[in-house]
Amino acid sequence: MENLLNPSKTPNLFIPKTHLFKLSFLHSNFNPQPHSSFNRRPLSITITCKVKTSQGRKNDGKNISKKIVLTDSAPELSNEEIKAKPKGGGKAWGVIKKFPKRVLAILSNLPLAIGEMFTVAGLMALGTAIDQGESPEYYFQKYPEENPIFGFFTWRWVLTLGFDHMFSSPVFLGTLILLGTSLMACTYTTQIPLVKVARRWSFLQSADSIRKQEFSDTLPQASVSDLGVILMGAGYEVFLKGPSLYAFKGLAGRFAPIGVHLAMLLIMAGGTLSATGSFRGSVTVPQGLNFVMGDVLGPTGFLSTPTEAFNTEVHVNKFYMDYYDSGEVSQFHTDLSLFDMNGKEVMRKTLSVNDPLRYGGITIYQTDWSFSALQILKDGEGPFNLAMAPLTINGDKKLFGTFLPVGDTDSSNVKGISMLARDLQSIVLYDKQGKFAGVRRPNSKLPIEIDGTKIVIVDAIGSSGLDLKTDPGVPAVYAGFGALMLTTCISYLSHAQIWALQDGTTVIVGGKTNRAKAEFPDEMNRLLDQVPEIVESSISKKPDNIGG
Amino acid sequence: SPFFCITGLLITRWIYSGHFPLSDLYESLIFLSWGFSLIHMVSYFKFKKRKNNLSAITAPSAIFTQGFATSGLLTKMHQSAILAPALQSQWLMMHVSMMVLGYAALLCGSLLSVALLVITIRKAIKIIGENNNFAFSFGKIQYMNERSNVLLNTYFLSSKNYYRYQLTQQLDHWSYRIISLGFIFLTIGILSGAVWANEAWGSYWNWDPKETWAFITWTIFAIYFHTRTNTNLEGVNSALVASMGFLIIWICYFGVNLLGIGLHSYGSFTLN
């Protein structure tokens, strides 16, 4: 039978790939050596033992011992790694090879990353405090040199550092790029080795080392295999080697932070693609008119290349709005037809807000509306189209107006009938003196008599405000979003590890967890309470399980 | 019981107005206090055996927010209003509810961190034997400068004072767990908002003040998690970061609305 408890053989230990500050050696079983310094730096225990992997028995018969390294926090890059690497080539080549390592080491420094994040947050806050995109005169006025804010902040700061367009300024983008490279460096140097470490499971062979865990307990009359069964029932993955047990749960919780970082890198890549490779444009089209997509779309960056779909002609069949009973606008709709270069209709759809049209990689959004013209009959003649102009009032309600001159149109002081409208539902009419004359709805066809002129409102012609966009980065960004949401949720899971050792009739149990530290002892106690107590008669079976 | 009252209120509003009750500031405040009472209930039921310090934070917060919402400051907005076209979307439920739940959890967690800081700094003041006439805030500022030395020392000294140490450990742990939960909600909220913006306006990020401040909040709490990975910085320093987060959440939630501009202007209000 395989004897795994071999205390005397600790032959040449080959150096593993991740170097750590080695604190102590733990020889296996029953000769516990003093476990050295428990200091607050990353706790690392180097354990020497023999492990039979489930894959193969190729190490069988040879006393190869692997050094298995168990760390609490990310292993730090040490100088040894830098020296160990370059073997061939001359000294110069070695220096060149060292350079990226050193850069990586600098970039994956945690305080640097924290500093970068603070800087990004601070710049963003500043970007909301300073009004963006205004003309230089605005900043001369707001941050004058004669009276600087905090004693030094003037418009010179704002304009030279690019704070007036903060979110595309070199300072901000540079910090973001730095953060991105730190993210990549950290993922490569720290997180990925962590995966290798966490995946190796290890058995603690000495009772003392188990007792030193965060949580430990002793079961006087128990069997380690019973414990194993109970742990399996509680969702742990259990590994049993003779008297020694190792169980873990929630390993995903240890890998998930890597996923978070990778997801963020994906989002940043997608965002960069969006910023450099998309097309954007907006247009306000009166009902009944057309436009060609390519005329409206403009590139945003150097990677933008137009596609065949840009030749499509868009025709606005109808623009109409829905209203609540109270008269407020509830939704606006545009009925669009798309025609290709040969005049064939390729698509027809009615858009509304939150319901865009997608064709050939181009998306059309309903974002705005306007009043194009008012069609009226004057004294039975017409119909005349009066263009409606937007009038500015406070707030974001719209107001449009038009003017129908009456009488002598050549005199300098022309009088006429004014018509105002907030939406396409109803028109308010005022007479030559500016007094309120009446309200008419376009569909009612009711005439109104003002100062001797008979007006019939035939139709209110609206225009649709459409935004067009192509964005190649969207799939990457959406994938990154999904991955980020998922991995953030998973990293909430706690990775718990439990070791146990059968010592005669007692079982010594120890465990630790990385996140749910308060609940862990309760859960452990609950599980341990379920372990059955071995009664006297079956003690004679015990010795067969150990060694042998 | 405040939980059931608020749930009832929200459901009534939902049925009456025909849309999910989260379209303006008043409704989101009600939702926030609902979030607090939810956290209170969950932690109460999950940990019946243990004495739970969390309730000291969640219950008053719920009452306070509810009171503020109902107070005279916002009487103009008590009527359920109709939804603007841009808000008529399924995303409304997911995005806003996630954001408000995230705010509730993060506020709880950062309040716990503030409590941790208060206790630790009170200890520091006592142990160093400073004159107790110092106003609390002054002492805090002074000790922030020397924190790397003073507070590390107090950690060693505090092992004498076992119960207080237990309390700070518990506060630290609970603050960590609740902020983790809140961070997940905040992440989902921000990302669902971005996807919704892309569906509605064609751009998933516009550097709108509210979006930017939400991102700043997210960044601050990401810093919080990173300070905890390194054991040297754990404890007080991470509590400091979380306390900053407390202020920033209020700026994000309330302060930005006072500006009244940008794509999130639905939440704006004027004090009358």
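Over which residues, besides any other stretch, does chain B have pLDDT under 50 with 15 contacts beyond four places in sequence? Select residues 267-272 of chain B. There pLDDT (the predictor's confidence in each residue, from 0 to 100) stays under 50, and the model has 15 contacts (heavy atoms within 4.5 Å) beyond four places in sequence.

This is a predicted model, in which local features need pLDDT of at least 70, side-chain atom pairs count only at pLDDT 80 or more, and totals for chains, interfaces and linings use all residues. Residues are numbered from 1 along each chain as its sequence is written, chains are lettered from A and ligands numbered from 1 in the order in which they are written, and side-chain values use heavy atoms, with hydrogens and water left out.

Next, select residues 130-160 of chain B: pLDDT is under 50 here too, with 27 contacts beyond four places in sequence. Where pLDDT is low, predicted coordinates should not be read in detail. Chain B as a whole averages 68, and 46% of its residues score at least 70.

Move to chain A, which has 12 helices and 24 strands (DSSP runs, numbered from the N terminus: H or I of at least four residues, E of at least two).

Now select helix α9 (residues 252-277) and helix α11 (residues 474-490) of chain A. Their axes (lines fitted to C-alpha atoms over the stretch in contact, with angles from 0 to 180 degrees between N-to-C directions) come within 8 Å and cross at roughly 160°. α9(A) is therefore roughly antiparallel to α11(A) (angle over 145 degrees). Among the residues that meet are A:Gly259 and A:Ala263 in α9(A), and A:Gly480 and A:Ala483 in α11(A).

Conventions:
Parallel < 35°, antiparallel > 145°, perpendicular 65-115°, else oblique.
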